[in-house]
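Open the model in your viewer and keep the selection box handy. We will go from stop to stop, and at each one you will hear what to pick and what is there.

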Amino acid sequence: MEQTLSIIKPDAVAKGVIGKIFDRFESNGLRIAATKKLQLSRIEAKNFYAVHKERPFFNDLVDFMISGPVVVSVLEGENAMQKNRDLMGATNPKEAKAGTIRADFAENIDANAVHGSDSLENADTEIAFFFASKDIS
């Protein structure tokens, strides 16, 4: 059974669509094995997105991710990582297929509603960043 990390970003939290996004996960065979709402500190956001630190968008990404609360979740299921990526849609919501989370709830490429692990290796690292194994059931 695969696990992957999902983050509902500040824009989607502010819109009040957490339940609608959770419904997409559960309606598509993903179980929410752990979840919590939190406010990232600047240091936490920088550490989480450290892989992008040399990219020109890094500081804007960090500023966005600390602009409001986020909801982090461990999703579990068969092919969970890829299933979540498919449900999210393209990073740029203008390119996302109709019916995907980003097509339905994102404003633009910067405020794109959700984050999801892009590999099983990254999923393990990202899950461990937010959750102790005892917190996942």
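Select K134 to begin: at 71% relative accessibility it counts as exposed, where exposed means over 50% relative accessible area, buried under 20% and partly exposed in between (1.4 Å probe, protein chains only). K134 forms a salt bridge with D135, and the closest N and O atoms are 3.3 Å apart. A salt bridge here is a side-chain nitrogen of Lys or Arg within 4 Å of a carboxyl oxygen of Asp or Glu. D135 has 36% relative accessibility and counts as partly exposed.

A word on what you are viewing: this is a predicted model, in which local features need pLDDT of at least 70 and side-chain atom pairs count only at pLDDT 80 or more, while totals for chains, interfaces and linings use all residues. Residues are numbered from 1 along each chain as its sequence is written, and side-chain values use heavy atoms, with hydrogens and water left out.

The structure holds five salt bridges. For another of them, select D104 and R24, whose closest N and O atoms are 2.6 Å apart. D104 sits in helix α6 (residues 101-105) and R24 in helix α2 (residues 18-27), so this pair ties together parts that are 80 residues apart in sequence. Helices (H or I, at least four residues) and strands (E, at least two) are DSSP runs, numbered from the N terminus. D104 is partly exposed, at 39% relative accessibility.

Now pick E76 and R31, which meet in a salt bridge of 2.8 Å, N to O. Here the link runs between strand β3, home of E76, and strand β2, home of R31, 45 residues apart. Is each partner buried or exposed? E76 is buried, with a relative accessible area of 16%, whereas R31 is partly exposed at 39%.

Stay with β3 and select residues 70-77. Eight of the eight residues are buried, so the strand is largely enclosed by the rest of the structure. In a regular strand, side chains alternate between the two faces of the sheet. Both faces of β3 are covered, with V70, V72, V74 and E76 on one side and V71, S73, L75 and G77 on the other.

Next, add the neighbours of β3. Strand β1 (residues 2-8) pairs with β3 in the antiparallel sense over seven bridges, and strand β2 (residues 31-38) also pairs with β3 in the antiparallel sense over seven bridges; two strands pair if DSSP finds at least two bridges between them. Centre on V74: L5 stands opposite V74, and V74 is also the bridge partner of A34. Move to S73 and you will find S6 opposite.

Zoom out to see the open sheet of four strands, with the order β2-β3-β1-β4 and antiparallel pairing. β2 and β4 are at the edges with a single partner strand each, so one side of each is left without a neighbour in the sheet.

For the last stop, select Y49, H52, F57, L61 and H115. Of the 26 residues that line the largest pocket, these lie nearest its centre. A pocket is an open set of points on a 1 Å grid over the protein atoms alone, where a 1.4 Å probe fits, with protein on both sides within 12 Å along at least five of seven lines; lining residues have an atom within 4 Å of a point. The elements giving two or more residues to the lining are α3 (42-48), α4 (58-65), β4 (114-116) and α7 (120-130). The largest share, four residues, comes from α7.
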